[in-house]
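Morning, everyone. I've got one structure to walk you through today, so grab a coffee and have a look at the screen.

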Amino acid sequence: MSKSTVILVHGAFGDASSWRSVFEHLDSDEYNVLAAAIPLRGVAGDASYLGAVIDQLDGPVVLVGHSYGGCVITVAGASDKVAGLVYVAGFVPDEGETITDLQTRFPSLAMGDFLAPRPLPDGGVELTVDPQRFHDIFCADVPDDVAAFMAHAQRPLVATAFEEATAAAAWHTKPSWGVFGTGDQPIAPQLHRFSYDRAGSAVTEIEGASHFAMVSEPDIVAGVIRDAVKSVAADLAA
């Protein structure tokens, strides 16, 4: 059997470099690790892009999605090559649900309007986070210099993504794991608990960790990913 591949999927207002510390904690001798760059142009398009990445790989795949990336792996995870899903402070929508639907259940704990719209040439709108508020809201437990770079290296999300219904929900048929920080502001801890319970995920809570838990607590996040890979491998070998 080919080695498993772990695909790390970043969320909105981040990029693939947010996985660097987790990448360094993972054992690439036992499995391949890829940090994919997602276009952030909408759930369907981003899932299709990720699906094309998956199609090029051999062997079982474990998808890891952060924040909005959770929506993307929920859809792309329907691929027969995907053997497991790991949500890192990620949205876990059901089929037909939107991010707004989930946020309405348990609203974000972040106060005020921290998203800045920017018009696109095609008439659309994309959103970024006010750099002055990025540290406090998204990664309060990350060093100042790291947070400053993240705030100014963030990638925007197309605004319509919040209202885009999810076309499939792979967690109905694939095993899943969830890890999040109890200090998460953009996605309320109550929403994480609801979502992971509904999906039947194995859950790890990190006391006090922020939304970017993979940056502040990479060892814990990497440990959850390793557990998922081992579990998937055992299931496939059985």
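I'll start with the overall fold, then go to one helix and its surroundings, and finish with another helix pair.

Quick housekeeping first. What you see is a predicted model, where local features need pLDDT of at least 70 and side-chain atom pairs count only at pLDDT 80 or more, while totals for chains, interfaces and linings use all residues. Residues are numbered from 1 along each chain as its sequence is written, and side-chain values use heavy atoms, with hydrogens and water left out.

Okay, the overall picture. The protein has 9 helices and 9 strands; those are DSSP runs numbered from the N terminus, with H or I over at least four residues for a helix and E over at least two for a strand. Along its principal axes, the C-alpha trace spans about 50 × 35 × 30 Å. The radius of gyration is 16 Å, which agrees with the value near 18 Å for a compact globule with 238 residues. That radius is taken over C-alpha atoms, and the globule rule is 2.2 Å times the number of residues to the power 0.38.

How much of it is buried? Of the 238 residues, 53% count as buried, and by that I mean under 20% relative accessible area, with exposed being over 50% and partly exposed in between, using a 1.4 Å probe and protein chains only. Now contacts, meaning heavy atoms within 4.5 Å: if you take those with a separation of 6 or more, 71% come from residues 24 or more positions apart.

Now to helix α3, residues 69–76. This helix is mostly covered, with 8 of its 8 residues buried. For your notes, they are G69, G70, C71, V72, I73, T74, V75 and A76. What do they pack against? The buried residues of α3 sit against strands β1, β3 and β4 and helices α2 and α4.

Let's take α2 from that set. The axes of α2 and α3 are 8 Å apart, and the two helices pack at an angle of about 60°. The axes are lines fitted to C-alpha atoms, for helices over the stretch in contact, and angles run from 0 to 180 degrees between N-to-C directions. The two helices are therefore oblique to each other. On that scale, under 35 degrees is roughly parallel, over 145 roughly antiparallel, 65 to 115 roughly perpendicular, and the rest oblique. The crossing of α2 and α3 is right-handed; in other words, the near helix is turned clockwise from the far one by less than a right angle, where anticlockwise would be left-handed.

Which residues meet there? From α2 you have V43, D46, A47, L50, G51 and I54, and they meet C71, V72, I73, V75 and A76 of α3. The residues of that contact divide into 9 nonpolar, 1 polar and 1 charged. Nonpolar here is Ala, Val, Leu, Ile, Met, Phe, Trp, Tyr, Cys and Pro; charged is Asp, Glu, Lys and Arg; the others, Gly among them, are polar.

One of those α2 residues is V43, which counts as buried at 2% relative accessibility. Leaving out residues up to four places away in sequence, V43 touches Y68, C71, V75, A161 and E164.

Now the two ends of α3. In the loop between β3 and α3 we find S67, which has a positive phi of about 55° although it is not a glycine. S67 is also buried, at 9% relative accessible area. On the other side, G77 is in the loop between α3 and β4. Buried or exposed? G77 is buried, with a relative accessible area of 0%. Beyond its neighbours within four places in sequence, G77 is in contact with L63, V82, L85, A170 and K174.

There's another positive phi to point out: F13, near 65° and again not a glycine. F13 sits in the loop between β1 and α1, and F13 is buried at 7%.

Last stop, the other helix pair. Helices α5 (residues 131–138) and α6 (residues 144–153) pack at about 125° with axes 9 Å apart. That makes α5 oblique to α6. Their crossing is right-handed. P131, F134 and H135 in α5 meet D144, A147, M150, A151 and H152 in α6, and the residues of this contact divide into 5 nonpolar, 2 polar and 1 charged.

That's my tour; happy to take questions.
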